[in-house]
Amino acid sequence: MELVNTDIAYKFIRERILNGVHAAGAPLASKNLSVEIGVSRTPVRDALRQLEADGLVIIKPRIGASVRSMDLQEFKELCGLRQALETYAAGMAAQNRSEAELEEIRSALEAMRVIVDKMIKTSDDRELLGDLAREDVRFHLGIINVAKNDLMKKEIMRLSLINRVVSSHPAGRKNKESLGDRLKVQESHREIFDAITRRDVSAAKDAMEPHQRNNLEKVIQS
């Protein structure tokens, strides 16, 4: 029963963190959480330790647990590591991809093109932002999957979640971008895809590196 309650507590707290209910640096009192979730403090403490292992929570002796936060230098280091891994993943995807696997990446790219075209024709694109963010994630996840390196995939996903939490960007929320910025991002996606299609390892990495650098610099500036 304790294991079940730990799983319930873990999912509850993790969802609250990723949705921005508990922002970066916010305290996570096990007593209050146990009341909210409806379980004892023991599974809550176990869940917090799991979230600490995930990198989303920090637990300090005599202080307790809080949502992960970073100073600017540490955040830049995290962004640099993620950039390096995703650049390497693009090269591996170009080397390892099959035609069937390529189709998933192409599908996400085409979906983003359609969404951006709709944005050009509307003065209120707020409803489209979430769709665009989801397809962007699908595009990059498709590349990571095709790279066929489970350890790298796990680390990229972990860094991505930490990035989202410490930069206070809940799921689906993006910095405000001009239409020109979005068109440039779309062209960047196309360059990455074309290089992977050609099985050009160097070109795939050369296209992904500035793409990731520009994206992460926007988050740092915000």
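**Helix α4 and its crossing with α6**

Colleague: Which residue caps the N-terminal end of α4?

Modeller: In this predicted model, local features need pLDDT (the predictor's confidence in each residue, from 0 to 100) of at least 70, side-chain atom pairs count only at pLDDT 80 or more, and totals for chains, interfaces and linings use all residues. Residues are numbered from 1 along each chain as its sequence is written, and side-chain values use heavy atoms, with hydrogens and water left out. A side-chain oxygen lies 3.3 Å from the backbone nitrogen of Gln-73, and the residue that supplies this oxygen as the cap is Asp-71.

Colleague: How far apart are the end C-alpha atoms of α4?

Modeller: Helix α4 (a DSSP run of H or I, at least four residues) has 25 residues, 72-96. The expected span is 1.5 Å times one less than the number of residues, so α4 should span 36 Å. The end C-alpha atoms agree with this, at 36 Å.

Colleague: At roughly what angle do the axes of α4 and α6 cross?

Modeller: Axes are lines fitted to C-alpha atoms over the stretch in contact, with angles from 0 to 180 degrees between N-to-C directions. Those of α4 and α6 (residues 126-147) come within 7 Å and cross at roughly 65°.

Colleague: Which residues of α6 make the contact?

Modeller: Contact means heavy atoms within 4.5 Å. From α4 come Glu-86, Ala-89, Ala-90, Met-92, Ala-93 and Asn-96; from α6, His-140, Ile-143, Ile-144, Val-146 and Ala-147.

Colleague: What is the average pLDDT of the protein chain?

Modeller: At least 70 is scored by 94% of the residues. Over residues 169-175 pLDDT stays under 50. The chain average is 90.

Definitions and conventions: Helices (H or I, at least four residues) and strands (E, at least two) are DSSP runs, numbered from the N terminus. A polar contact is a pair of N or O atoms within 3.5 Å; within protein, one must be able to donate a hydrogen and the other to accept it, and residues adjacent in sequence count only if both atoms are side-chain atoms.
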